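Me: I want to go through a structure and ask what stands behind each label. Please keep the replies short.

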Amino acid sequence: MPSYEDLEARIIDTGECTVCGACILACPSFHVKFTDGRPKRLKRSVDCVGCSICYDACYVLRHSLIKDIEGSVIGRGKRESTGSFRRATLARTQDVGIAGTCQDGGIVSTLLLYALDSGVIDGALVVGRDGWVPVERIAKTREDILSAAGTKYGVVPVLRALRAAVVDHGMSNVCVVGSPCHIQSIRYLKYKGLPLASSVSLAVGLFCRENYEYAGIAEKARAYGLDMEMVKRLDVRDTFEIYSDGRKVSLDITEVKSCVPRHCLVCQDFAAELADIAVGSDISNRGWCTVIIRTEEGDGIFAGMEQRGLVETRSMEDLCGIEEIAHRKKEKGKQTGQIFRLSEEGLDASEIASKLGIAEERVSHRLERATDRET
Ligand SMILES: Cc1cc2nc3c(=O)[nH]c(=O)nc-3n(C[C@H](O)[C@H](O)[C@H](O)COP(=O)(O)OP(=O)(O)OC[C@H]3O[C@@H](n4cnc5c(N)ncnc54)[C@H](O)[C@@H]3O)c2cc1C
Ligand code: SF4
Ligand code: SF4
Ligand code: SF4
């Protein structure tokens, strides 16, 4: 029977772990903890009952199932690189308090508040911050939701908070807000029937090209004379933007590439394809969000927000811009995965390049980035 050692050898130590938090959540003996930016069993192996629950909880080991899950949860309708959906719109909040603190159009925070107020959910797993270090939190009030508004960069095991939400706070209708990897993981846990996951009734996903390790970003900021304690906002557009003390510093994206975790280099989900509702800023103007509504539940909630005048919407001509970004991410993730596999089989950069029919420089570049992450 596979056990924690197999999970560590196959996923955690190889850098494939997306730090979703599911194995931490699932261990019935609380042996797996979030330590030094990744899950780790701290107890001696003799204390571990070897039950394989942590191993079974990891969606990364079961990527081939994701398509089936998508079929059963979202449906098998028209499908582009963005995933199946019912409708898409541009939107921004009408709530002045949210507009003052949110990242883009405030749609995620407005949706959470509406879902709480209307009794659709009794709480949400969100990402707050300690300084700028992202930390998973449980939101039960408007204040909780507002304090989690805004994007933080860094890995965060969102799902480990589910146990406290259910057991300590007695929640039975929880919304999970997260990156596409968090959403894939919670869908997998529900599909698999992990009892705690049955309390999740809504999944709100954020678009995601890539994430950045917090420590690396803080180091870059310091090199520009910025103190992370004074930073007001982080954002990624064409550049990595740091707003601090009345200053805006724009870093070329190539400058922060060394901060991208290895697991993001092979990721193929940009538009949170398994979410009830996916939200992002790409292709919308500043202060607005692009919203992709995928499920009946998502549709019902967004329609309720519209009817109550909580959001202003604008129709979108098409999703071509999003499809292009999502398609590029899929192709790049697929190719990088092949490069890593061939490298593990012992091929060097030039052999990999000729096998895949691509430039050797591209292969070396991606292998270097993976090696940077491991050191
Ligand atoms: C790592 C990351 C990369 C992203 N990349 C892109 C991108 O390439 N293109 C794009 O269009 N959009 C991207 N987004 C989404 C974008 O930054 C906004 O989150 C989105 O537009 C929603 O804006 P909002 O004003 O509705 O959110 P708000 O109302 O401000 O709410 C933001 C919500 O995000 C959650 N959150 C914050 N940080 C994290 C985190 N690290 N992990 C999980 N949840 C978090 C909080 O729980 C909060 O509820 C990314 C987000 C993250 C976290
Ligand atoms: S007790 Fe079970 S779930 Fe916990 S670490 Fe050991 S094998 Fe994994
Ligand atoms: S379950 Fe999530 S946190 Fe645990 S090893 Fe797998 S990807 Fe990492
Ligand atoms: S790029 Fe993929 S793995 Fe990385 S944070 Fe985004 S969704 Fe998760």
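What follows is a set of questions and replies about this predicted model.

Me: What domains does the assignment give?
Reply: The domain assignment lists domain 1 (4-62), domain 2 (65-319) and domain 3 (325-374). The centres of domain 1 and domain 3, taken over C-alpha atoms, are 27 Å apart.

Me: What makes E7 and E15 the edge strands of the eight-stranded sheet?
Reply: The strand order is E7-E6-E8-E9-E13-E14-E5-E15, in an open sheet with mixed pairing. Strand E7 (133-139) and strand E15 (311-314) each pair on one side only. That makes them the edges. The twist from one strand to the next averages 30°.

Me: How do you know that E5 and E15 pair?
Reply: Pairing takes at least two bridges between two strands. Strand E5 (residues 87-93) and E15 have four bridges, so the pairing criterion is met. The two strands run antiparallel. One bridge can be picked out: Ala 91 has Thr 313 of E15 as its partner.

Me: Why does one side of E10 and of E12 lack a neighbour in the sheet?
Reply: The open sheet here has three strands, in the order E10-E11-E12, and its pairing is antiparallel. Strand E10 (231-236) and strand E12 (247-252) are at the edges with a single partner strand each, so one side of each has no neighbour in the sheet. The twist averages 15° from one strand to the next.

Me: How do you know that E10 pairs with E11?
Reply: The cut-off is at least two bridges. E10 and strand E11 (residues 239-244) share five, so they pair, in the antiparallel sense. Arg 233 has Tyr 243 of E11 as its bridge partner.

Me: What span does H14 reach, and what is expected?
Reply: Helix H14 (residues 320-344) has 25 residues. From first C-alpha to last, H14 reaches 36 Å. The expected span is 1.5 Å times one less than the number of residues. For H14 that expectation is 36 Å, and the helix comes close to it.

Me: Which residues of H14 are called buried?
Reply: They are Ile 322, Ala 326, Lys 329, Thr 336, Ile 339 and Phe 340. The label needs 20 or more other C-beta atoms within 10 Å of a residue's own. Lys 329 is on the list, so it meets that count. Just after H14, Gly 346 has a positive phi of about 105°.

Me: Which residues come nearest to ligand 3?
Reply: Of 16 residues around ligand 3, the nearest are Cys 17, Cys 20, Ala 22, Cys 23 and Cys 58. Helix H1 (4-12) and helix H2 (22-26) each supply at least two residues of the shell. H1 gives the most, with three.

Me: What is the class make-up of the shell around ligand 3?
Reply: There are 13 nonpolar residues, three polar and no charged. Cys counts as nonpolar, so the cysteines among the nearest residues fall in that class.

Me: What surrounds ligand 2?
Reply: It has 14 residues around it, the closest being Cys 27, Cys 48, Cys 51, Ile 53 and Cys 54. The shell around ligand 2 holds eight nonpolar, five polar and one charged residues.

Me: What makes two residues of the ligand 4 shell charged?
Reply: Asp and Glu count as charged. The shell includes Glu 210 and Asp 269, so these belong to that class. Five nonpolar and four polar residues are there too. Helix H9 (180-192) and helix H12 (262-265) each give two or more residues to the shell around ligand 4.

Technical notes. Residues are numbered from 1 along each chain as its sequence is written. Chains are lettered from A and ligands numbered from 1 in the order in which they are written. This is a predicted model: local features need pLDDT of at least 70, side-chain atom pairs count only at pLDDT 80 or more; totals for chains, interfaces and linings use all residues. Axes are lines fitted to C-alpha atoms, for helices over the stretch in contact, and angles run from 0 to 180 degrees between N-to-C directions. Domain bounds come from an automatic or database domain assignment. A residue is near a molecule or strand if its C-beta atom, placed from the backbone, lies within 6 Å of it. A residue is buried if 20 or more other C-beta atoms lie within 10 Å of its own, exposed if 12 or fewer, and partly exposed in between; C-beta atoms are placed from the backbone.
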